[in-house]
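Here are some notes for a colleague who is opening this structure for the first time. Please keep the sequence and the view at hand while reading the points below.

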Amino acid sequence: MRTALIAGNWKMHTTVSEALTLVDGVLGRITLSDDREVLVCPPFTALHAVGERLRGSGLMLGAQDVHHEAKGAYTGAIAPGMLRDVGCRYVIVGHSERRQIFGEDDAAINRKVRAVLAAGMRPILCVGETITQREAGDAASVVVGQVRAGLADIATTDALVIAYEPVWAIGTGVTATPSDAQQMHAAIRAVLAEWGTAGDAARIRLLYGGSVKPDTIDELMACPDVDGALVGGASLQPEGFARIVQYR
Ligand code: PEP
């Protein structure tokens, strides 16, 4: 009932020509099927060129961040309408690197989620606990709190995607076990059932992110509440990303 979503977050990598080489490498290796969507999120500077290359391919374009205002004197910022204009369908919001390095708090992230929805795109709201929080036994309460805060005063919609990305698993080579991922995804879905109804919650896709690799994707995707993956490092290698997209 939920279409899987495999999303590549290229972070601050690739010039325009490198981005085109990468996307060509992915396109040449995958066959899209109805049961899954595939998304790439290049840096802002490569969005237009990659979007043009993806035209008609079925592979989708997304952005890694956005500003919440529609226009104005916000030097250096990119508005939702600008992303929509170059063909973005999804926007990653509240990635842990945005939270930790750029100081984004839950209120700022909530404004971005609203802005993405208002512009007719789908937000991928990222949540996840640090290792300190996990070791203190606070993982579930931190993640549940981030979900609630991210969705505050927003009407229920299945345009929303949530990515559970434990901070200790991002870029470290350590993947959460399928059972840890499933447990947290079930907790997130329970919060979504309070946000809307159980039926609404059942339609919202929950991605796992954190060192997903070709050899870990199959067991993660076998978890009932894991509906896809947000992939960082491995999305920069066409062969590995293609294998992740072709999970079994
Ligand atoms: C990410 O940045 O969203 C991510 C999951 O990175 P990695 O796959 O490299 O851990």
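1. A sensible place to begin is helix α8, in which A181, Q182, M184, H185, I188, R189, V191, L192 and W195 are buried. Please bear in mind throughout that this is a predicted model. The helix covers residues 178-195, 18 residues in total, and reaches 25 Å from its first C-alpha to its last, close to the 26 Å expected at 1.5 Å a residue.

2. From α8, E194 forms a salt bridge with R148, with the closest N and O atoms 2.7 Å apart. Because E194 lies in helix α8 and R148 in helix α7 (residues 139-150), the pair ties together parts that are 46 residues apart in sequence. E194 counts as exposed at 54% relative accessibility, while R148, at 45%, counts as partly exposed.

3. R189, listed above among the buried residues of α8, is also linked with R2, D225 and D227 in a network of salt bridges. A search of the whole structure finds 20 salt bridges. One of them joins R243 to D218, the closest N and O atoms being 2.5 Å apart, and this pair links helix α11 (residues 238-245) with helix α10 (residues 217-221).

4. Turning to the ligand, which residues come nearest? Of the 14 residues around the ligand, these are K11, E165, G171, S211 and G232. An N or O atom in the side chain of K11 is 2.6 Å from an oxygen atom of the ligand, whereas for G233 a backbone N or O atom lies 2.8 Å from a ligand oxygen. Taken alone the ligand exposes 290 Å², of which the protein buries 97%.

Notes:
Residues are numbered from 1 along each chain as its sequence is written. This is a predicted model: local features need pLDDT of at least 70, side-chain atom pairs count only at pLDDT 80 or more; totals for chains, interfaces and linings use all residues. Side-chain values use heavy atoms; hydrogens and water are left out. A residue is near a molecule or strand if one of its heavy atoms lies within 4 Å of it. A polar contact is a pair of N or O atoms within 3.5 Å; within protein, one must be able to donate a hydrogen and the other to accept it, and residues adjacent in sequence count only if both atoms are side-chain atoms. Accessible areas come from the Shrake-Rupley method with a 1.4 Å probe; for residues, only the protein chains shown count as cover. Helices (H or I, at least four residues) and strands (E, at least two) are DSSP runs, numbered from the N terminus. The expected span of a helix is 1.5 Å times one less than its number of residues. Buried means under 20% relative accessible area, exposed over 50%, partly exposed in between (1.4 Å probe, protein chains only). A salt bridge is a side-chain nitrogen of Lys or Arg within 4 Å of a carboxyl oxygen of Asp or Glu.
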